[in-house]
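Trainee: I have a model open and would like to learn how to read it. Where do we begin?

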Amino acid sequence: MIPFDVLAGFFTVTVLLALAPGPDNIFVLTQSAVCGRMAGIAVTLGLCVGLMFHTTAVALGVSAIFQASELAFLVVKILGVGYLLYLAWGAFRAKPELVKQDKVDHSDLLPLFRRGVIMNITNPKVAIFFLSFFPQFVDPAYGPVMPQFLQLGLVFILSVILVFGSVAIAAGAIGERLGKSVTAQKVMNRIASVVFVGMALKLATATR
């Protein structure tokens with residue numbers, strides 16, 4: 001088991017990383033503002049499932065393939081870019097609706113959850129980041145390596161839930177006010193579309 005002080009240091013670093021402006025937390029922010037806090041939380045949980053996938057992949061050594069194979073990295077990157085552009089087009093065409101966040105249709109949350117999962121899994125940069133970041137906190141002296149990777153992954157996910165969940169709640173509160181305006185809805189949908197395109201461009205230019 002990893003010592004508590006090492007985990008505490010790792011947790012502090014991951015919270016700071018989650019707070020830094022990036023594609024994932026901006027995505028959670030825009031979805032929360034447009035669709036409500038529950039939408040942002042659903043996306044956050046989806047992203048965390050994706051993080052569980054990457055954690056397991058790193059623990060099993062699968063992520064090394066993305067670091068070693070240009071083709072594998074390129075294929076996953078193309079899938080991720082295509083999916084983000086698809087989301088951008090959908091947000092651009094979305095018709096404004098008056099938002100009633102106190103009456104959220106929970107059947108709409110599953111697609112948002114699934115969207116978070118797909119976005120995270122199809123981003124090879126996450127796997128490579130885990131592969132380069134986690135080993136800094138792993139030590140054979142603490143015991144078997146695989147459980148340590150899984151332990152770090154759970155701590156990372158906890159920090160993401162805390163930070164992104166807070167972002168979703170705060171942005172949802174703001175979006176609740178803006179949601180009463182059709183014009184504001186159009187603006188938020190356009191912003192969401194631009195965010196998706198920006199994320200696609202960033203992923204498209206990513207290198208190993």
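Mentor: We will go through helices, aromatic rings and a surface patch in turn. Keep in mind that this is a predicted model.

Trainee: Start with a helix. How many residues does helix α2 have, and what is its reach?

Mentor: Compare the end-to-end reach with the span expected at 1.5 Å a residue. Helix α2 covers residues 23-35, which is 13 residues. From first C-alpha to last it reaches 18 Å, close to the 18 Å expected.

Trainee: Which residues of α2 are buried?

Mentor: Buried means under 20% relative accessible area. In α2 that holds for Asn25, Phe27, Val28, Thr30, Gln31, Ser32, Ala33 and Val34.

Trainee: How should I think about side-chain directions in a helix?

Mentor: An α-helix has 3.6 residues a turn, so residues three or four places apart point the same way.

Trainee: What follows α2?

Mentor: Gly36 does, and its phi is positive, near 110 degrees.

Trainee: Now helix α7. Why is it described as largely enclosed by the rest of the structure?

Mentor: Count the buried residues. Helix α7 runs over residues 124-133, and 7 of its 10 residues are buried, so the rest of the structure largely encloses it. The buried ones are Pro124, Val126, Ala127, Ile128, Phe130, Leu131 and Phe133.

Trainee: Let us turn to rings. How many aromatic pairs are there in the whole structure?

Mentor: A search finds 6. Take Phe130 and Phe134 as a case. Their ring centres are 4.4 Å apart and their planes meet at 20 degrees, so this pair is stacked. Planes under 30 degrees apart count as stacked. Both Phe130 and Phe134 are buried.

Trainee: What kind of pair do Phe130 and Phe156 form?

Mentor: An edge-to-face one, with 5.1 Å between centres and 70 degrees between planes. This pair links distant parts of the chain. Phe130 sits in helix α7 and Phe156 in helix α8 (residues 145-178), 26 residues apart.

Trainee: Are these two rings buried or exposed?

Mentor: Phe130 is buried, at 1% relative accessibility. Phe156 is buried too, with a relative accessible area of 10%.

Trainee: Which residues do the ring pairs link into a cluster?

Mentor: Phe10, Phe130, Phe134, Phe137, Phe149 and Phe156.

Trainee: Last, the surface. Which residues make the nonpolar patch of about 210 Å²?

Mentor: Patch residues need over 30% relative accessible area. Here the patch is made by Val13, Leu17 and Phe129. Val13 is partly exposed, with a relative accessible area of 31%. Its place is in helix α1, residues 4-19.

Note on methods
Residues are numbered from 1 along each chain as its sequence is written. This is a predicted model: local features need pLDDT of at least 70, side-chain atom pairs count only at pLDDT 80 or more; totals for chains, interfaces and linings use all residues. Side-chain values use heavy atoms; hydrogens and water are left out. Patches are made of residues with over 30% relative accessible area and no salt bridge: like charges are joined within 9 Å, nonpolar side chains (Val, Leu, Ile, Met, Phe, Trp, Tyr) within 5 Å. Accessible areas come from the Shrake-Rupley method with a 1.4 Å probe; for residues, only the protein chains shown count as cover. A salt bridge is a side-chain nitrogen of Lys or Arg within 4 Å of a carboxyl oxygen of Asp or Glu. Helices (H or I, at least four residues) and strands (E, at least two) are DSSP runs, numbered from the N terminus. Buried means under 20% relative accessible area, exposed over 50%, partly exposed in between (1.4 Å probe, protein chains only). The expected span of a helix is 1.5 Å times one less than its number of residues. Rings of Phe, Tyr and Trp (its six-membered ring) pair if their centres lie within 6.5 Å; planes under 30 degrees apart count as stacked, over 60 as edge-to-face and the rest as tilted.
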